[in-house]
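The following exercises ask the reader to work through a protein chain from its overall fold to single residues. Each task is followed by a solution in steps.

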Amino acid sequence: MEAKRILKYAVGMDMSMGDIRCNICSIDSTQRVKVVRSRKFDNRLSGFKELVAWSAKYAKDSEIETVYLMEATGVYYESAAYFLYEKGLHVSVIVPNRAKRYAQA
């Protein structure tokens with residue numbers, strides 16, 4: 001039997017006006033998701049920089065892709081999404097009603 005190996009890291013981001021609540025998760029070859037760490041950051045430039053440093057620390061293998069996921073919540077996600085994108089990181093912005101409808105299907 002093949003050993004489970006980590007295929008991807010995902011940073012789930014819950015955006016609000018003042019802060020960003022994050023979970024960094026590992027996703028293995030059996031598609032099992034495991035929360036590695038959780039933390040809250042300020043929703044401003046200093047918080048974005050801390051978020052990138054924090055995620056690099058816990059997504060230990062630089063060969064494995066890290067994806068940053070966030071919902072399109074008003075305008076609160078925009079600055080973080082642009083910041084991460086400009087750093088060359090993989091960013092996915094999810095439209096809330098589409099995610100809900102997909103889950104219902």
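Helices (H or I, at least four residues) and strands (E, at least two) are DSSP runs, numbered from the N terminus. The model is a predicted one, in which local features need pLDDT of at least 70, side-chain atom pairs count only at pLDDT 80 or more, and totals for chains, interfaces and linings use all residues. Residues are numbered from 1 along each chain as its sequence is written, and side-chain values use heavy atoms, with hydrogens and water left out.

**Exercise 1.** Determine how many helices and strands the chain has, and in what order the elements run.

Step 1. The chain comprises three helices and five strands.
Step 2. Read from the N terminus, the elements follow the pattern β-β-β-α-β-α-β-α.

**Exercise 2.** Establish the order of the strands in the sheet, and state which strands stand at the edges.

Step 1. Two strands pair if DSSP finds at least two bridges between them.
Step 2. The five strands form an open sheet with mixed pairing, in the order S3-S2-S1-S4-S5.
Step 3. Strand S3 (33-42) and strand S5 (90-94) each have a single partner strand, so one side of each lacks a neighbour in the sheet.
Step 4. From one strand to the next, the twist averages 20°; axes are lines fitted to C-alpha atoms, for helices over the stretch in contact, and angles run from 0 to 180 degrees between N-to-C directions.
Step 5. Nine bridges join S2 and S3 in the antiparallel sense, and cysteine 22 lies opposite arginine 39 in S3.

**Exercise 3.** Identify the strands that helices H1 and H2 touch.

Step 1. Contact means heavy atoms within 4.5 Å.
Step 2. Helix H1 (residues 45-58) packs on the sheet and touches S1, S2, S3 and strand S4 (66-71), its direction making about 155° with that of S3.
Step 3. Helix H2 (residues 78-86) also packs on the sheet, where it touches S1, S2, S4 and S5; its direction makes about 155° with that of S5.

**Exercise 4.** Locate glutamine 31 and decide whether this residue is buried or exposed.

Step 1. Glutamine 31 belongs to the loop between S2 and S3.
Step 2. Buried means under 20% relative accessible area, exposed over 50%, and partly exposed in between (1.4 Å probe, protein chains only).
Step 3. Because its relative accessible area is 55%, glutamine 31 is exposed.
Step 4. Although glutamine 31 is not a glycine, its phi is positive, at about 70°. Most residues other than glycine have a negative phi.
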